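Reader: I should like to learn how to read the features of a protein model. May we go through them one at a time?

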Amino acid sequence: MTEPGNTVPRELDPALEAIGTGAYVTDEQGCIVAVNSRAERLLGRPAAELLGQDAHDLLHRGPHGEPLPTMQCGMRQAFHAGTPAHGDGDYFAGGDGAPMPVSWTITPYDLGDDRPGTLVVFHVPQPVSGAEALPDHPAATLTDFERLALLAETTTRLTSSLETEEILRRLTALVLPRLADWVVIDLITERDEVWRTAVVQADGDTLTHHEDLEGPMPPVPEESSMPLSRALRGVASALAGPETYQGAPDSGIAVEQRRLFEATGIHSAAIAPIRSTREVLGALTLGRGKQQGRFTIADLPLIEDIARRAGLALDNARLFQRQRAVAETMQNHLLPQMPPVPGLQMTVRYLPAPDASQVGGDWYDAFTLSDGATALVVGDVLGHDLEAAAGMAQLRNILRAYAWAQKEPPSRIVERLDEAITSITDVAMATLVLARVTQAGDGRWELSWTNAGHPPPLLVTRDGLAEYLTDGHGLLLGTGLRRPRPDATAVLPPGCTLVLYTDGLIEAPGRTLDEGLERLRQHAAALAHRPLPSFTDQLLRRTEPPGLDDVALLALRVPSRPGGIPS
């Protein structure tokens with residue numbers, strides 16, 4: 001048995017006394033290590049008779065006062081499960097041995113030094129009748145069905161968004177004015193700072209934000225026993241009122257809480273941690289100002305469930321936003337700006353698949369080679385996620401290095417890349433077109449290229465003749481087959497436009513690949529007279545990529561006359 005008072009944190013006793021009904025704490029064996037004075041009065045037992053005793057053996061009884069087998073005790077089963085639980089219609093043994101009906105709530109409790117404990121809060125229901133049978137606040141009048149419906153609605157509405165602001169807006173609308181007329185949401189940022197994100201008041205159906213009460217908060221004190229501080233540490237839910245913060249403040253957060261109660265007129269509040277499966281994300285406070293009736297311990301399980309669901313939704317949103325930020329940073333670094341090439345115009349566009357992370361395996365590239373030629377690349381690594389993006393970055397960098405160092409035709413550069421792909425990259429398969437653009441002595445522009453399993457480049461003259469460059473086609477990368485790759489060459493007519501693209505531009509459900517290619521050809525021919533930026537944007541709009549895959553597009557235009565400026 002635990003020796004009374006030896007290993008109990010100093011903050012425990014005042015924390016229990018702040019609870020407005022009977023409360024005691026057990027260790028991991030189920031022995032009582034702390035008890036408040038209200039529990040002593042309700043049980044008719046002094047603390048000396050409670051401390052160190054097994055709570056189940058000492059207190060839990062059947063309706064006739066008989067000892068209750070462990071397997072029939074809902075509280076004991078919840079204790080072993082280590083999860084919050086609530087029960088009604090159970091019985092404790094009073095000091096005189098007579099059974100007394102109790103309603104109870106238990107929740108895990110941190111005893112410090114990594115020692116798990118359990119907090120038990122209970123009260124003895126009083127017989128009521130007539131008008132007194134229903135408390136005068138909304139939460140108490142909810143039936144069990146209405147509570148389940150509210151929780152179901154909370155889950156559905158909160159988890160259907162991945163935007164933090166929208167989740168908080170929906171959370172506020174769910175609880176106001178149904179459960180309270182004030183909601184306060186404090187969130188812990190990724191830098192472990194506390195930010196009072198929302199203070200909202202309900203006046204009927206009108207919700208008013210009080211921005212003057214929002215903003216940065218002091219740090220979370222490690223030892224404070226005040227309700228909000230404990231909630232932000234994930235220790236426990238609690239009830240609070242203006243009187244809770246009338247004493248000497250133990251932290252900056254206590255000062256802000258006193259200011260909150262004074263400014264809002266809240267006379268009763270329930271505070272619950274907002275937590276995910278990994279960490280504490282903040283705290284949810286529901287307050288009553290104009291609404292009559294005080295929150296009771298029986299209201300906490302519902303509020304905890306709402307806060308728990310909010311925590312899961314917020315955690316999903318944070319993970320999504322973090323991934324999106326990483327992806328956008330990768331996109332900015334992996335998809336380069338086009339180099340200035342005298343006499344040539346180039347535009348590029350990248351459309352990520354909607355369900356991807358804003359970047360994927362499709363890419364474009366253009367860079368000047370050591371002999372003065374311009375290299376053009378459009379490629380596609382299998383997949384449209386961060387893993388595909390990482391593989392794409394490996395291929396792009398290796399290809400750049402080979403193309404710069406080896407003064408060889410495109411086919412030989414791609415052969416070297418194919419030999420390296422399985423040995424020094426994480427890429428399984430990929431397709432690409434590698435092209436060289438050079439200016440001949442007579443001022444004309446020439447194109448040489450090789451195609452590794454990629455959709456063919458499209459050449460559009462300024463008069464609207466459009467044809468695919470189907471020569472130079474070879475196997476995709478990563479097959480393991482070592483076969484010579486072909487090169488192809490073509491003279492670029494004055495004023496023509498060369499379009500390199502990935503298959504997301506031409507593939508769509510219910511449409512064959514040939515139909516997609518023909519659709520692209522027709523629209524490109526019709527847009528041949530447009531300035532290049534307009535040509536590129538309109539081509540994307542008219543072909544209407546279905547968004548099932550990423551789209552990378554590179555368009556190049558040569559001058560209308562040798563040595564001239566592109567139109």
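Reader: Let me begin with a single residue: does Cys 73 count as buried or exposed?

Author: Please keep in mind throughout that this is a predicted model. Burial is read from relative accessible area, and a residue under 20% counts as buried. Cys 73 has a relative accessibility of 4%, so Cys 73 counts as buried. Cys 496, at 1% relative accessibility, is likewise buried.

Reader: How many disulfides are there?

Author: A disulfide is recognised from two cysteine sulfur atoms within 2.5 Å. The count here is 0 disulfides.

Reader: What does the protein look like as a whole?

Author: Its secondary structure consists of 15 helices and 24 strands. The protein has 567 residues, of which 51% count as buried. The exposed surface is about 25700 Å², and carbon and sulfur atoms supply 52% of it. One may also ask how far apart in sequence the contacting residues are. Among the contacts with a separation of 6 or more, 61% are between residues 24 or more positions apart.

Reader: How should I read a helix, and which residues of α14 are buried?

Author: One may begin with the span, and then turn to the buried side. Helix α14 covers residues 513-526, and its 14 residues reach 20 Å from the first C-alpha to the last, close to the 20 Å expected. Its buried residues are Gly 516, Leu 517, Leu 520, Ala 524 and Ala 525. Seen down the axis of α14, these buried residues fall within an arc of 160°, so they line one face of the helix.

Reader: What covers the buried residues of α14?

Author: The cover includes strands β19 (458-460), β20 (466-468) and β23 (497-501), together with helix α15 (532-543).

Reader: Which residues of α15 are buried, in turn?

Author: They are Leu 532, Phe 535, Thr 536, Gln 538, Leu 539, Leu 540 and Thr 543. Their cover includes β14 (345-351), β23, α14 and β24 (551-557). Thus α14 is part of the cover of α15, and α15 is part of the cover of α14. As to span, the 12 residues of α15 should reach 16 Å, and the end C-alpha atoms are 16 Å apart, which agrees.

Reader: How many aromatic pairs are there, and how is such a pair described?

Author: An aromatic pair is described by the distance between ring centres and the angle between ring planes. The count is 3 aromatic pairs. One of them joins Tyr 24 and Phe 122: the ring centres are 6.2 Å apart and the planes stand at 55°, so this pair is tilted. Tyr 24 belongs to strand β1 (residues 22-26) and Phe 122 to strand β6 (residues 116-123), so the pair ties together parts that are 98 residues apart in sequence.

Reader: What kind of pair do Phe 92 and Phe 122 form?

Author: That pair is edge-to-face, with 5.2 Å from centre to centre and 65° between the planes. Phe 92 lies in strand β4 (residues 85-93) and Phe 122 in β6, so parts 30 residues apart in sequence are tied together. Ring pairs thereby link Tyr 24, Phe 92 and Phe 122 into a cluster.

Reader: Are the members of this cluster buried or exposed?

Author: Tyr 24 is buried at 1% relative accessibility, Phe 122 is buried at 0%, and Phe 92 is buried with a relative accessible area of 1%.

Reader: What should I look for in the backbone itself?

Author: Most residues other than glycine have a negative phi, and most peptide bonds are trans. Exceptions to these two rules therefore deserve a look. The peptide bond from Leu 176 to Pro 177 is cis, with omega near -5°. Pro 177 lies in the loop between α8 (164-175) and β7 (182-188).

Reader: Where does Asp 192 lie, and what is its phi?

Author: Asp 192 lies in the loop between β7 and β8 (194-203), and its phi is positive, near 60°. With a relative accessible area of 65%, Asp 192 is exposed.

Reader: Which residue follows α15?

Author: Glu 544 follows α15, and its phi is positive, near 50°. Glu 544 sits in the loop between α15 and β24, and at 54% relative accessibility Glu 544 counts as exposed.

Notes:
Residues are numbered from 1 along each chain as its sequence is written. This is a predicted model: local features need pLDDT of at least 70, side-chain atom pairs count only at pLDDT 80 or more; totals for chains, interfaces and linings use all residues. Side-chain values use heavy atoms; hydrogens and water are left out. Helices (H or I, at least four residues) and strands (E, at least two) are DSSP runs, numbered from the N terminus. Buried means under 20% relative accessible area, exposed over 50%, partly exposed in between (1.4 Å probe, protein chains only). Contact means heavy atoms within 4.5 Å. Accessible areas come from the Shrake-Rupley method with a 1.4 Å probe; for residues, only the protein chains shown count as cover. The expected span of a helix is 1.5 Å times one less than its number of residues. The arc is that of the directions from the helix axis to the C-beta atoms. Rings of Phe, Tyr and Trp (its six-membered ring) pair if their centres lie within 6.5 Å; planes under 30 degrees apart count as stacked, over 60 as edge-to-face and the rest as tilted.
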